[in-house]
Amino acid sequence: MAKTYDFLFKLLLIGDSGVGKTCVLFRFSEDAFNSTFISTIGIDFKIRTIELDGKKIKLQIWDTAGQERFRTITTAYYRGAMGIMLVYDITNEKSFENIKNWIRNIEEHASSDVERMILGNKCDCDDRRGVSRQRGEQLAVEYGVKFMETSAKAGINVEQAFFTLARDIKAKMENKLASHPSKGGGTQLKKNEPQKKSSTWKCQLL
Amino acid sequence: MEPSNPEDHVGSSTGENSNQMPISDDVKALLTDARTNNKSVCCERCDSVVLKAGDASLSQVEFFLPHMKKKTENQRPGDGETLREFWLVGDMCTFENVGFSNTVETTKYLTCADCEVGPIGWCDVRDRTKFYVAVDRVSHK
């Protein structure tokens, strides 16, 4: 079957439990509608399609759900990841402090050129805010990564955050392609290219 | 020989030979000549696009899926129905937007990526080339 997209990016959401990662990725949903079946077994990952500068990009987004202690997230989880969203909760100081530990974990286990971005989630909860916006920005500057405050619940900045991360990965990849044209495209897939079963990590998820 | 008037047999199939199950007119109306979906496959609750037109083909297999909606007060999570018409996709990256549940035995259930309603379909982790979306559990636009 012909390829109908230009890039495929694997993204991870990382952060303490309770910071709303699930909501960031898995847009806030009203459980009342849902049968208990899906919420009981839980969601493993999602595929989303976005368009950036005329290119069709498939995002494969994974949440750490259920294994969010640093020591349980190791190399296997990071394998193939091209972007990581580090999420804390602006009402939870501890989750902010832990971002540094998460970054250390990433440096230890993930590929060194993975794109990172810090998100301060729950910015709809300003009355309970424990971490100022400035501190978030400062931390991001310290690590040389981008920063955004988001509200998964109110739908603020969530899509922009994914677009920003995807744009940075795409730019990085295009740079790489430009400087090492002989290496071929790794994960860049040309339209109508015949499907190759062996191509890197493409869709080898299950 | 196939019966000439398929609608007489809708719902009466035993499913023992999936190739010969008649296709209802409702489903026929969703097909191109090549048996692919002639419209986009969308979430029936939030309209999120699951598959674009032409990206899937009709497959008649029998598979039991737990209910999406709570039908009765004493419904248990595993209660459901056997479905027989599915949109079949050969590569998970063909999906526009979709969620994959954690694995139950060898099954991953598919959900809407936006509102998470589901199961709208399934796949078997032992076969990475077959992903099924239940025709009955999505809308076509």
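Q: Which residue meets Lys172(A) in a salt bridge?
A: This is a predicted model. In it, Lys172(A) sits in helix α6 of chain A, which spans residues 158–179. The partner lies 57 residues apart from Lys172(A), in strand β5 of chain A. The N to O distance is 2.9 Å, and the partner is Glu115(A).

Q: Is Glu115(A) buried or exposed?
A: Buried means under 20% relative accessible area. Lys172(A), at 27%, counts as partly exposed. Glu115(A) has 16% relative accessibility, so Glu115(A) counts as buried.

Q: Which residue pairs with Arg135(A) in a salt bridge?
A: Arg135(A) belongs to helix α5 of chain A, and the partner belongs to helix α4 of chain A, 38 residues apart. Arg135(A) is partly exposed at 30% relative accessibility. The partner is partly exposed too, at 39%. The closest N and O atoms are 3.3 Å apart, and the partner is Glu97(A).

Q: How many salt bridges are there over all chains?
A: Side chains of opposite charge can pair when their charged atoms come close. One pair in chain B is Lys130(B) with Asp127(B), at 3.2 Å between the closest N and O atoms. Chain A holds a network that links Asp126(A), Arg129(A), Arg133(A), Glu137(A) and Glu149(A). Over all chains, the count comes to 24.

Q: What are the buried residues of helix α5 of chain A?
A: The helix covers residues 133–143. Cover for its buried residues includes β4, α4, β5 and β6 of chain A. On the face turned away are the exposed residues Gln134(A), Gln138(A), Val141(A) and Glu142(A). The buried residues are Gly136(A), Leu139(A) and Ala140(A).

Q: Within what arc do the buried residues of α5(A) fall?
A: An α-helix has 3.6 residues a turn, so residues three or four places apart point the same way. The view here is down the axis of α5(A). The buried residues line one face of the helix, because they fall within an arc of 100 degrees.

Q: Which residue just after α5(A) takes a positive phi?
A: Helix α5 of chain A covers residues 133–143. Just after the helix, phi turns positive, at about 65 degrees. The residue is Gly144(A).

Q: Which element gives the most residues to the largest nonpolar core?
A: The core has 57 residues. Those that touch the most other members are Ile118(A), Trp87(B), Phe95(B) and Phe100(B). With 5 residues, the element that gives the most is α4(A).

Q: How many residues are in the second, separate core?
A: Among its members are Leu13(A), Ile61(A), Leu119(A) and Leu165(A). This core is separate, and its size is 24 residues.

Q: What is the relative accessibility of Ser101(B)?
A: Ser101(B) is in strand β5 of chain B, residues 98–104. Leaving aside neighbours within four places in sequence, its contacts include Ile41(A), Gly42(A), Ile43(A) and Asp44(A). Lys108(B) and Tyr109(B) are in contact with Ser101(B) as well. Ser101(B) counts as buried, because its relative accessibility is 0%.

Q: Over which residues of chain B is the pLDDT below 50?
A: The mean pLDDT of chain B is 86, and 85% of its residues reach 70 or more. One stretch is below 50, and it has 14 contacts in the model beyond near neighbours in sequence. Where pLDDT is low, the predicted coordinates should not be read in detail. The stretch is residues 1–18 of chain B.

Methods: Residues numbered from 1 in each chain as written. Chains lettered and ligands numbered in written order. Predicted model: local features only at pLDDT ≥ 70, side-chain atom pairs only at ≥ 80, totals over all residues. Heavy atoms only, no water. pLDDT = per-residue confidence, 0-100. Contact = heavy atoms within 4.5 Å. Buried < 20%, exposed > 50% of the residue type's maximum accessible area, 1.4 Å probe, protein only. Helix = DSSP H or I, 4+ residues; strand = E, 2+ residues; numbered from the N terminus. Arc of directions from axis to C-beta. Core = buried A, V, L, I, M, F, W, Y, C linked by side-chain atoms within 4.5 Å. Salt bridge = Lys/Arg side-chain N within 4 Å of Asp/Glu carboxyl O.
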